[in-house]
Amino acid sequence: MTTHSQSGTRRVLFVCLGNICRSPTGEGLLRALLAERGLEGRIEVDSAGTGAWHVGEGPDRRMAAAAAARGYRLGGRARQVAPQDYDRYDLIVAMDRENLADLEAMAPPPERRRAELRLFSEFLPPGAPRDVPDPYYGGGHGFERVLDLVEEGCAAILDHLLDGEGQG
């Protein structure tokens, strides 16, 4: 069950492996959706990676270019998931099953954390892939596929967060 943060602001964290492709895309697209709906102050969005390979780097330039072509801006600097994230965020969304397993391995027990851990594909319609594929080593079509999936899932994530407030 998703809970309110102390300030009443809902908080969501997108997580992938290195925090340069998929999770910054989730962050950027959800921010755009919040702006479109006039909800910027109601939900705080961030992203992180399970690994530290890219800490301090900006989003992958190929991912940022594909997002920009659709009118989205990806920003921020890569960081690694930290223990305090499990108490800071209401919802932590893993982009694939391996990320979710890593998050669960690092997490305190559910009764000792605020965050609800969920797989991104849980917010996609039946028949969608179980994992948002990592486009890092593939061609340009991989970045487009990530955008397609993340566009589709972000509205459902927003609805989930707002349903926790008794709205939807």
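Which residue of β2 does L13 stand opposite? Select L13 and look across to the neighbouring strand, where D46 in β2 stands opposite L13. Before going further, keep in mind that this is a predicted model, in which local features need pLDDT of at least 70 and side-chain atom pairs count only at pLDDT 80 or more, while totals for chains, interfaces and linings use all residues. Residues are numbered from 1 along each chain as its sequence is written, and side-chain values use heavy atoms, with hydrogens and water left out.

**The sheet**

Stay with strand β1 (residues 10–16) and add β2 (43–49); strands (E, at least two residues) and helices (H or I, at least four residues) are DSSP runs, numbered from the N terminus. β1 and β2 pair in the parallel sense over seven bridges, where two strands count as paired if DSSP finds at least two bridges between them. Another position to select is R11, which stands opposite E44 in β2.

Now show the whole sheet, which is open and is formed by four strands in the order β2-β1-β3-β4, with parallel pairing. Its edge strands are β2 and β4, each of which pairs on one side only. From one strand to the next, the twist averages 20°, with axes taken as lines fitted to C-alpha atoms, for helices over the stretch in contact, and angles running from 0 to 180 degrees between N-to-C directions.

**The helices on the sheet**

Select α1 next, which packs on the sheet, touches β1 and β2, and has a direction that makes about 170° with that of β2; contact here means heavy atoms within 4.5 Å. Then select α4, which also packs on the sheet, touching β1, β3 (91–94) and β4, and whose direction makes about 160° with that of β4.

Return to α1 (residues 22–36), whose 15 residues should span 21 Å at 1.5 Å a residue, and whose end C-alpha atoms are indeed 21 Å apart; the expected span is 1.5 Å times one less than the number of residues. Of these 15 residues 11 are buried, so α1 is largely enclosed by the rest of the structure, where buried means under 20% relative accessible area, exposed over 50%, and partly exposed in between (1.4 Å probe, protein chains only). The buried residues include R22, P24, L29 and L34, and what covers them includes β1, β2, α2 (61–69), α4 and α5. Just after α1, look at G38, which takes a positive phi of about 70°.

**The aromatic rings**

Rings of Phe, Tyr and Trp (its six-membered ring) pair if their centres lie within 6.5 Å, and planes under 30 degrees apart count as stacked, over 60 as edge-to-face and the rest as tilted. By this rule there are two aromatic pairs. In one of them, the rings of F14 and F120 have centres 6.5 Å apart and planes at 45°, so the pair is tilted. F14 lies in β1 and F120 in the loop between β4 (116–119) and α5 (140–163), so the pair ties together parts that are 106 residues apart in sequence. F14 is buried, at 0% relative accessibility, and F120 is buried at 0% as well.

Move to Y136 and Y137, an edge-to-face pair with 4.7 Å from centre to centre and 90° between the planes. Y136 is partly exposed at 27% relative accessible area, whereas Y137 is exposed at 78%.

Finally, add R62, whose charged end sits over the ring of Y136, 5.3 Å from its centre; this requires NZ of Lys or CZ of Arg within 6 Å of the ring centre and within 35 degrees of the ring normal.
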